[in-house]
Amino acid sequence: MFEHWLDTSQFFGYIAFVLGVTAFLQKNDTRFKSYLTAEFIAYVVHFTQLGNPTAAASSCIAAARSLASIYSRSVWLAGAFVAINFSLGFVLIEVWWNWLPVVAISVGTLSVFLFQGVFMRLGMLVGTSLWIANNILSGSIGGTALEIVIAIANMYTISKFRTGSGTA
């Protein structure tokens, strides 16, 4: 599954890795969402090259929603992103596990629009677990490493909020 460590299809997964880890180490929500936007743009290219159109489309939606959530906290806009994501999912799903990124992005969308601080990051942690499974099944080396490290970094940042050394 991971026999192609240096393939060009893995390159953007490694870029997503760096951007994603940086995102989840941010305590400032705006910087967090800005880095997430960049991470998901790298993921669009990565999953397109890996032949996973559902993950690529969900990543495209995630990039747009992360950027939009910097400027708006509209429940309607969150709902529109979730609806678009599921609509694309219904069109692109090829195997059962293609639903993993669709659900992950939907949970993340609701989290970045409706929550902030520790609650937003807890929602993102749920999505991260779904991405781990998707990335293993997709053969994404950088993506799998990214989501595992994101889970750890996110839990670290959540603990900072909980101990009072972060801001909520």
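**Exercise 1. Determine what share of the residues in this predicted model is buried.**

Solution. Take buried to mean under 20% relative accessible area, with a 1.4 Å probe and protein chains only. By that criterion, 48% of the 168 residues in the protein are buried. The model is a predicted one, in which local features need pLDDT of at least 70, side-chain atom pairs count only at pLDDT 80 or more, and totals for chains, interfaces and linings use all residues. Residues are numbered from 1 along each chain as its sequence is written, and side-chain values use heavy atoms, with hydrogens and water left out.

**Exercise 2. Find how many helices and strands the protein has, and how its radius of gyration compares with the globule rule.**

Solution. Counting DSSP runs (H or I of at least four residues for helices, E of at least two for strands), one finds 7 helices and 0 strands. The radius of gyration, taken over C-alpha atoms, is set against 2.2 Å times the number of residues to the power 0.38; it is 15 Å, close to the 15 Å from the rule for 168 residues, so the protein is as compact as a globular protein of that length.

**Exercise 3. Identify which helices supply the largest nonpolar core, and what Phe24 is in contact with.**

Solution. A nonpolar core joins buried Ala, Val, Leu, Ile, Met, Phe, Trp, Tyr and Cys residues through side-chain atoms within 4.5 Å. The largest such core has 28 residues, and Phe24, Phe40 and Trp131 are among those with the most contacts inside it. To this core α1 (8–24), α2 (29–50), α3 (53–71), α4 (75–92), α5 (99–114), α6 (117–138) and α7 (141–163) each supply at least two residues. With contact meaning heavy atoms within 4.5 Å, and leaving aside neighbours within four places in sequence, Phe24 is in contact with Phe32, Leu36, Glu39, Met124, Ile150, Ala153, Asn154 and Thr157.

Conventions: Buried < 20%, exposed > 50% of the residue type's maximum accessible area, 1.4 Å probe, protein only.
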